[in-house]
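This report introduces one protein structure to a reader who has not met it before. Please look through the sequence and the model shown here before reading on.

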Amino acid sequence: MSKQKTVIVGAGPVGALAALYAAGRGHEVEVYELRGDLRDPDTVPLNFTKSINLALSERGINGLRKANVSGLLESVLEETIPMHGRMIHGAKQGEFYEESQNYDIYGRAIRAVDRAGLNKRLLDELDKMPNVKLLFNHKLVGADFKKNKAWFERRDEGVRQDHAQNPTQGKEASHASSEIEVPFDFMIGADGAHSAVRYHLMKFTRMSYQQEYIDTLWCEFHMDPSATNDFQISPNHLHIWPGKEFMFIAIPSLDKSFTSTLFLPAKIFAELDKNPESLVDFFNKNFPGVAGKLIPEAELQKQYKENPHLPLISIKCSPYHFGSSAVILGDSAHAMVPFYGQGMNAGLEDVRVLFEYLDANTQDASGRAKALDEYSRNRAPDAAAINDLALRNYQEMRADVVSPVYRLRKWIEEK
Ligand code: FAD
């Protein structure tokens, strides 16, 4: 019997982990990624000026653990910084203050991880596996889930030579030299919030779909290490400057800098855009201790101007699959706002949960169809709940962390 051919679309953290799981089960795996190889210095990470650091929690850690790749989890965790709680920043009567709020009474922590570092680590593991082909600069442009064929547009100039030989078993499509046709037994779509796999899947299955842009944009900032090359603020906290209707946060990096993010309603961004000189005053009023102290004023202005102001989308859909042919995971199935720090974690968890269902069924098309049906039915409500919690946690982070009600509730919980 020939090996099952599993095509993964998207080599982000979720697609790369899914490829490891499939390869570990002996599938013949091909991973198609729109962009160049993240490990090439010239590849710019999607949406970010540089790589950002994210909060990695048990949900995601367990997904990595269950990949059963020797040394993988240990090496990922070595490159993380534990954050035991959040640090709330403010000012009272002209004095800056910090207040530490632990996440867990047992001292457990979430971990700051470099997204690109984690992604590269997974790609390095895939490189070692003889049954995996990584195909960069390949964009999914079409799919037929009844015939189990997909079409990819190939940008030839950037294809890595070591992965470019015999890239597919499919035939070159005759109508466009840059388009290839790829047959598959099973496709996993992990191509992010604007998923092409999801778009094509919708034509084959009665997928309910809901998307929402919240009225908040985000802009990334960078906080350098101190003059003595140390962290400027505590490395073991997720730092929050709550502003009721908006907030500024900072997450530590191994190089002792912080990746910071400004979250603001679109109309305030528009006001600041019209009057850029007011940015420092705005920071001084709302995020005390940042401008001129943690980030030099000129640098703050520059980063605000140069870094994009990006939207935040929340997506729910169901079902996630069609027959035995395809399933979507990660942001492509349930992109969420970042306030609960669970988008990537939930995506890594998707991979673990999906393969539990696949393992529990027969390894043929009918077993896979049953597994995908069970996966969709059970996973979609869980993912929708995390989406809702993520939306709700914005209120918590930007306002409730300082409200008297929050303090009272916390006090009652601790009694
Ligand atoms: P992506 O990372 O979007 O990867 C999808 C991949 O598919 C990309 O490489 C893309 O190039 C490729 N692709 C797209 N279209 C095609 C196509 N047509 N053909 C082939 N390839 C394609 N999550 C957390 O868990 N913790 C956090 O603290 C956290 N903080 C965040 C902060 C911010 C500001 C933002 C915006 C997000 C945050 N997230 C966080 C969410 C996290 O970044 C995402 O959930 C995660 O990156 C999703 O991974 P993914 O692999 O599903 O999709």
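In which loop does Q93 lie? The model is a predicted one, and in it Q93 belongs to the loop between β5 (85-92) and β6 (95-102).

**Backbone features in loops**

Q93 is not a glycine, yet its phi is positive, at about 45°. The residue counts as exposed because its relative accessible area is 81%, and the cut-off for exposed is over 50%.

A positive phi is also found at N148, another residue other than glycine, where the angle is near 55°. N148 sits in the loop that joins β9 (138-144) and β10 (149-154). Is N148 buried or exposed? Its relative accessibility is 17%, so N148 counts as buried, the limit for that class being under 20%.

A further backbone feature is the cis peptide bond that runs from S318 to P319, with omega near 0°. P319 is placed in the loop between β17 (310-318) and β18 (321-322).

**Two domains and their contact**

The domain assignment divides the chain into domain 1 (5-79 + 115-210 + 314-398) and domain 2 (84-108 + 212-311). Domain 1 is thus given as three segments of the chain, and domain 2 as two. The contact between them involves 18 residues from domain 1 and 26 residues from domain 2.

How far apart do the C-alpha centres of domain 1 and domain 2 lie? The distance between these centres is 31 Å. About 1,900 Å² of area is buried between domain 1 and domain 2, and carbon and sulfur atoms give 56% of this area. On the side of domain 1, N53, M397 and R398 supply 34% of the area buried against domain 2, more than any other three residues.

**Cavities**

How many cavities of 30 Å³ or more does a search of the whole structure find? The search finds 2 of them. The table sets out their volumes and the classes of their lining residues.

| Cavity | Volume | Lining residues by class |
|---|---|---|
| Largest | About 80 Å³ | 3 nonpolar, 4 polar, 4 charged |
| Second largest | About 70 Å³ | 4 nonpolar, 4 polar, 2 charged |

The lining of the largest cavity is made up of Q4, R25, H27, F186, F355, L358, D359, T362, Q363, D364 and R368. Which helix gives the most to this lining? Helix α11 (residues 343-359) does, with 3 residues.

Around the second largest cavity, the lining residues are A11, G12, E33, R35, G36, L38, T43, N119, L123 and F136.

**A buried residue of helix α11**

Helix α11 also holds D350. This residue has 0% relative accessibility, and therefore D350 counts as buried. Which residues is D350 in contact with, leaving aside its neighbours within four places in sequence? With those neighbours set aside, D350 is in contact with L329, G330, H334, Y375 and R379.

**Summary**

Two non-glycine residues with positive phi have been described, with Q93 exposed and N148 buried. The S318 to P319 bond is cis. Domain 1 and domain 2 bury about 1,900 Å² between them. Helix α11 supplies 3 residues to the lining of the largest cavity and is the place of D350.

Notes: Residues are numbered from 1 along each chain as its sequence is written. This is a predicted model: local features need pLDDT of at least 70, side-chain atom pairs count only at pLDDT 80 or more; totals for chains, interfaces and linings use all residues. Side-chain values use heavy atoms; hydrogens and water are left out. On a 1 Å grid over the protein atoms alone, a cavity is a set of points where a 1.4 Å probe fits but cannot get out, and a pocket is an open set with protein on both sides within 12 Å along at least five of seven lines; lining residues have an atom within 4 Å of a point. Grid points are joined across faces, edges and corners, and a volume is the space filled by probe spheres set on the points. Helices (H or I, at least four residues) and strands (E, at least two) are DSSP runs, numbered from the N terminus. Ala, Val, Leu, Ile, Met, Phe, Trp, Tyr, Cys and Pro count as nonpolar, Asp, Glu, Lys and Arg as charged, and the others, Gly among them, as polar. Buried means under 20% relative accessible area, exposed over 50%, partly exposed in between (1.4 Å probe, protein chains only). Contact means heavy atoms within 4.5 Å. Domain bounds come from an automatic or database domain assignment. Buried area is the accessible area (1.4 Å probe) that two parts lose on being put together, summed over both.
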